[in-house]
Amino acid sequence: TLLAAGDVALSTGMTLVTSLAAGVTIPLLLSISGYLPLAANSASAFSLIKMGVGMFAVTAVPLVLGILFQLRSKAFALHVSALLDMLSKLVFLAIVAATFYQNWDAMMDHLGSVGPSVISLNFAAILTALALGRAAGLSAPKRLAIIIETGLQNVAMAIVVAGSLLGQPDLAVPALIYAIIMNISAGIILFVSRLKNGLELPA
(Lines give C-alpha, C1' and ligand atoms only; values in the text may rest on other atoms or scores of the structure.)
Protein backbone atom coordinates (compact mmCIF):
# COMPACT_ATOMS: atom_id res chain seq x y z
CA THR A 1 0.00 0.00 0.00
CA LEU A 2 2.87 2.35 0.82
CA LEU A 3 4.62 1.66 -2.49
CA ALA A 4 1.36 2.13 -4.41
CA ALA A 5 0.69 5.52 -2.72
CA GLY A 6 -2.43 4.26 -0.96
CA ASP A 7 -3.79 5.07 2.50
CA VAL A 8 -1.27 3.28 4.74
CA ALA A 9 -3.15 4.07 7.96
CA LEU A 10 -6.33 2.46 6.62
CA SER A 11 -4.35 -0.52 5.32
CA THR A 12 -2.67 -1.01 8.70
CA GLY A 13 -6.00 -0.70 10.50
CA MET A 14 -7.59 -3.32 8.24
CA THR A 15 -4.67 -5.69 8.79
CA LEU A 16 -4.92 -5.23 12.55
CA VAL A 17 -8.69 -5.79 12.69
CA THR A 18 -8.70 -8.85 10.43
CA SER A 19 -5.72 -10.41 12.23
CA LEU A 20 -7.34 -10.00 15.63
CA ALA A 21 -10.70 -11.24 14.29
CA ALA A 22 -9.07 -14.41 12.91
CA GLY A 23 -9.17 -15.99 16.36
CA VAL A 24 -12.98 -15.99 16.06
CA THR A 25 -13.53 -16.29 12.32
CA ILE A 26 -11.22 -19.26 11.74
CA PRO A 27 -12.97 -21.58 14.26
CA LEU A 28 -16.32 -20.40 12.86
CA LEU A 29 -15.32 -21.22 9.29
CA LEU A 30 -13.88 -24.58 10.39
CA SER A 31 -17.16 -25.36 12.11
CA ILE A 32 -19.27 -24.39 9.08
CA SER A 33 -17.06 -26.44 6.75
CA GLY A 34 -17.20 -29.48 9.05
CA TYR A 35 -13.50 -29.51 9.90
CA LEU A 36 -13.79 -28.20 13.47
CA PRO A 37 -14.13 -31.70 15.03
CA LEU A 38 -10.69 -32.50 13.63
CA ALA A 39 -9.26 -29.50 15.45
CA ALA A 40 -11.38 -29.70 18.61
CA ASN A 41 -8.72 -30.84 21.07
CA SER A 42 -6.58 -29.10 23.65
CA ALA A 43 -3.47 -29.04 21.45
CA SER A 44 -5.35 -27.45 18.57
CA ALA A 45 -7.07 -24.97 20.89
CA PHE A 46 -3.66 -23.99 22.28
CA SER A 47 -2.35 -23.60 18.73
CA LEU A 48 -5.22 -21.28 17.88
CA ILE A 49 -4.54 -19.16 20.98
CA LYS A 50 -0.82 -19.16 20.29
CA MET A 51 -1.46 -18.12 16.69
CA GLY A 52 -3.76 -15.32 17.83
CA VAL A 53 -1.14 -14.01 20.27
CA GLY A 54 1.50 -14.20 17.58
CA MET A 55 -0.64 -12.26 15.11
CA PHE A 56 -1.32 -9.62 17.78
CA ALA A 57 2.42 -9.28 18.41
CA VAL A 58 3.18 -8.94 14.72
CA THR A 59 0.44 -6.40 13.95
CA ALA A 60 -0.56 -4.52 17.10
CA VAL A 61 2.84 -4.13 18.81
CA PRO A 62 4.60 -2.39 15.88
CA LEU A 63 1.54 -0.19 15.37
CA VAL A 64 1.51 0.92 19.01
CA LEU A 65 5.27 1.55 18.95
CA GLY A 66 4.89 3.65 15.80
CA ILE A 67 2.14 5.75 17.38
CA LEU A 68 4.22 6.30 20.53
CA PHE A 69 7.27 7.37 18.51
CA GLN A 70 5.08 9.74 16.50
CA LEU A 71 3.60 11.29 19.65
CA ARG A 72 6.91 11.68 21.49
CA SER A 73 9.11 12.82 18.62
CA LYS A 74 7.68 13.61 15.23
CA ALA A 75 11.11 14.48 13.83
CA PHE A 76 12.52 11.13 14.95
CA ALA A 77 9.51 9.30 13.49
CA LEU A 78 10.00 11.02 10.12
CA HIS A 79 13.71 10.14 10.16
CA VAL A 80 13.02 6.48 10.90
CA SER A 81 10.26 6.43 8.29
CA ALA A 82 12.70 7.61 5.62
CA LEU A 83 15.12 4.82 6.52
CA LEU A 84 12.39 2.18 6.56
CA ASP A 85 11.08 3.23 3.15
CA MET A 86 13.97 1.58 1.30
CA LEU A 87 13.89 -1.41 3.66
CA SER A 88 10.18 -1.94 2.97
CA LYS A 89 10.88 -2.03 -0.77
CA LEU A 90 13.60 -4.64 -0.33
CA VAL A 91 11.44 -6.77 1.97
CA PHE A 92 8.50 -6.60 -0.45
CA LEU A 93 10.66 -7.74 -3.37
CA ALA A 94 12.19 -10.51 -1.23
CA ILE A 95 8.75 -11.79 -0.23
CA VAL A 96 7.60 -11.89 -3.84
CA ALA A 97 10.77 -13.69 -4.97
CA ALA A 98 10.61 -16.20 -2.09
CA THR A 99 6.93 -16.92 -2.76
CA PHE A 100 7.62 -17.76 -6.38
CA TYR A 101 10.63 -19.91 -5.51
CA GLN A 102 9.05 -21.91 -2.68
CA ASN A 103 5.65 -22.48 -4.26
CA TRP A 104 6.51 -22.97 -7.92
CA ASP A 105 6.34 -26.79 -7.93
CA ALA A 106 3.02 -26.90 -6.05
CA MET A 107 1.54 -24.32 -8.38
CA MET A 108 2.60 -26.24 -11.47
CA ASP A 109 1.26 -29.56 -10.12
CA HIS A 110 -2.20 -28.24 -9.23
CA LEU A 111 -2.64 -25.15 -11.37
CA GLY A 112 -4.96 -26.89 -13.82
CA SER A 113 -7.39 -28.21 -11.20
CA VAL A 114 -7.34 -25.45 -8.59
CA GLY A 115 -6.00 -22.48 -10.52
CA PRO A 116 -9.24 -21.25 -12.15
CA SER A 117 -11.09 -21.09 -8.82
CA VAL A 118 -8.19 -19.36 -7.07
CA ILE A 119 -7.78 -16.82 -9.87
CA SER A 120 -11.53 -16.15 -9.85
CA LEU A 121 -11.49 -15.63 -6.08
CA ASN A 122 -8.63 -13.12 -6.28
CA PHE A 123 -10.15 -11.14 -9.14
CA ALA A 124 -13.61 -11.19 -7.56
CA ALA A 125 -12.19 -9.89 -4.27
CA ILE A 126 -10.34 -7.06 -5.99
CA LEU A 127 -13.28 -6.06 -8.21
CA THR A 128 -15.70 -6.18 -5.26
CA ALA A 129 -13.40 -3.96 -3.19
CA LEU A 130 -13.11 -1.53 -6.09
CA ALA A 131 -16.88 -1.40 -6.59
CA LEU A 132 -17.68 -0.95 -2.90
CA GLY A 133 -14.99 1.72 -2.52
CA ARG A 134 -16.44 3.73 -5.40
CA ALA A 135 -20.02 3.21 -4.19
CA ALA A 136 -19.02 4.56 -0.77
CA GLY A 137 -17.43 7.63 -2.36
CA LEU A 138 -14.01 6.95 -0.86
CA SER A 139 -10.92 8.79 -2.02
CA ALA A 140 -8.51 7.10 -4.43
CA PRO A 141 -5.88 6.33 -1.72
CA LYS A 142 -8.53 4.73 0.51
CA ARG A 143 -9.95 2.68 -2.36
CA LEU A 144 -6.45 1.55 -3.25
CA ALA A 145 -5.76 0.46 0.33
CA ILE A 146 -8.96 -1.58 0.46
CA ILE A 147 -8.25 -3.18 -2.92
CA ILE A 148 -4.75 -4.24 -1.88
CA GLU A 149 -5.84 -5.43 1.56
CA THR A 150 -8.62 -7.48 0.01
CA GLY A 151 -6.46 -9.00 -2.72
CA LEU A 152 -3.50 -9.87 -0.49
CA GLN A 153 -4.32 -12.53 2.10
CA ASN A 154 -2.45 -14.25 4.93
CA VAL A 155 -1.38 -17.41 3.14
CA ALA A 156 0.90 -18.42 6.02
CA MET A 157 -2.14 -18.65 8.29
CA ALA A 158 -3.91 -20.94 5.82
CA ILE A 159 -0.87 -23.22 5.74
CA VAL A 160 -0.73 -23.37 9.55
CA VAL A 161 -4.44 -24.18 9.81
CA ALA A 162 -4.24 -26.89 7.13
CA GLY A 163 -1.05 -28.53 8.39
CA SER A 164 -0.75 -27.93 12.12
CA LEU A 165 -4.40 -27.66 13.17
CA LEU A 166 -6.16 -30.00 10.76
CA GLY A 167 -3.26 -32.32 9.96
CA GLN A 168 -4.10 -32.16 6.25
CA PRO A 169 -1.30 -30.18 4.55
CA ASP A 170 -2.79 -30.96 1.13
CA LEU A 171 -5.58 -28.51 1.97
CA ALA A 172 -2.96 -25.74 1.78
CA VAL A 173 -2.46 -26.25 -1.96
CA PRO A 174 -5.06 -23.58 -2.94
CA ALA A 175 -3.36 -21.15 -0.56
CA LEU A 176 0.02 -21.85 -2.14
CA ILE A 177 -1.38 -21.12 -5.58
CA TYR A 178 -3.17 -18.03 -4.24
CA ALA A 179 0.19 -16.78 -2.94
CA ILE A 180 1.46 -16.68 -6.50
CA ILE A 181 -1.71 -15.20 -8.00
CA MET A 182 -2.07 -12.46 -5.38
CA ASN A 183 1.53 -11.32 -5.84
CA ILE A 184 0.99 -11.04 -9.58
CA SER A 185 -2.21 -9.01 -9.16
CA ALA A 186 -0.60 -6.86 -6.44
CA GLY A 187 2.35 -6.19 -8.74
CA ILE A 188 0.01 -5.09 -11.51
CA ILE A 189 -1.92 -2.82 -9.13
CA LEU A 190 1.37 -1.34 -7.87
CA PHE A 191 2.62 -0.75 -11.42
CA VAL A 192 -0.60 0.90 -12.61
CA SER A 193 -0.98 3.03 -9.47
CA ARG A 194 2.53 4.45 -9.58
CA LEU A 195 2.24 5.24 -13.29
CA LYS A 196 -1.14 6.88 -12.73
CA ASN A 197 0.26 9.02 -9.91
CA GLY A 198 3.38 9.95 -11.84
CA LEU A 199 5.68 8.10 -9.44
CA GLU A 200 8.87 6.29 -10.34
CA LEU A 201 8.69 2.53 -10.22
CA PRO A 202 10.52 0.91 -7.26
CA ALA A 203 14.17 0.27 -8.07
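Begin by selecting helix H5, which contributes the most to the lining of the second largest pocket, with five residues. The model on display is a predicted one.

**The pocket.** Keep H5 highlighted and display the second largest pocket, which holds about 410 Å³ of space. Next, select Leu130, Leu144, Ile147, Ser193 and Lys196: of the 15 lining residues, these lie closest to the pocket centre. To see which parts of the fold surround this space, colour helix H4 (74-135), helix H5 (140-151) and helix H7 (173-196); these are the elements that each give two or more residues to the lining.

**Character of the lining.** Now colour the lining of the second largest pocket by residue class. The lining comprises 10 nonpolar residues, together with two polar and three charged ones.

**The whole fold.** Release the selection and switch to a cartoon view of the protein. Seven helices are present, and the number of strands is zero. Traced along the sequence, the order of elements reads α-α-α-α-α-α-α.

**Contacts across the sequence.** Turn on the contacts between residues at least 6 apart in sequence. Of these contacts, 75% join residues at least 24 apart.

**Surface and interior.** Finally, display the accessible surface. What area does the protein expose, and what share of it do carbon and sulfur atoms supply? The exposed area is about 12300 Å², and carbon and sulfur atoms account for 72% of it. For the interior, colour by relative accessible area with a cut-off of 20%, under which a residue is buried. By this criterion, 32% of the 203 residues count as buried.

Definitions and conventions
Residues are numbered from 1 along each chain as its sequence is written. This is a predicted model: local features need pLDDT of at least 70, side-chain atom pairs count only at pLDDT 80 or more; totals for chains, interfaces and linings use all residues. Side-chain values use heavy atoms; hydrogens and water are left out. Helices (H or I, at least four residues) and strands (E, at least two) are DSSP runs, numbered from the N terminus. Buried means under 20% relative accessible area, exposed over 50%, partly exposed in between (1.4 Å probe, protein chains only). Contact means heavy atoms within 4.5 Å. Accessible areas come from the Shrake-Rupley method with a 1.4 Å probe; for residues, only the protein chains shown count as cover. On a 1 Å grid over the protein atoms alone, a cavity is a set of points where a 1.4 Å probe fits but cannot get out, and a pocket is an open set with protein on both sides within 12 Å along at least five of seven lines; lining residues have an atom within 4 Å of a point. Grid points are joined across faces, edges and corners, and a volume is the space filled by probe spheres set on the points. Ala, Val, Leu, Ile, Met, Phe, Trp, Tyr, Cys and Pro count as nonpolar, Asp, Glu, Lys and Arg as charged, and the others, Gly among them, as polar.
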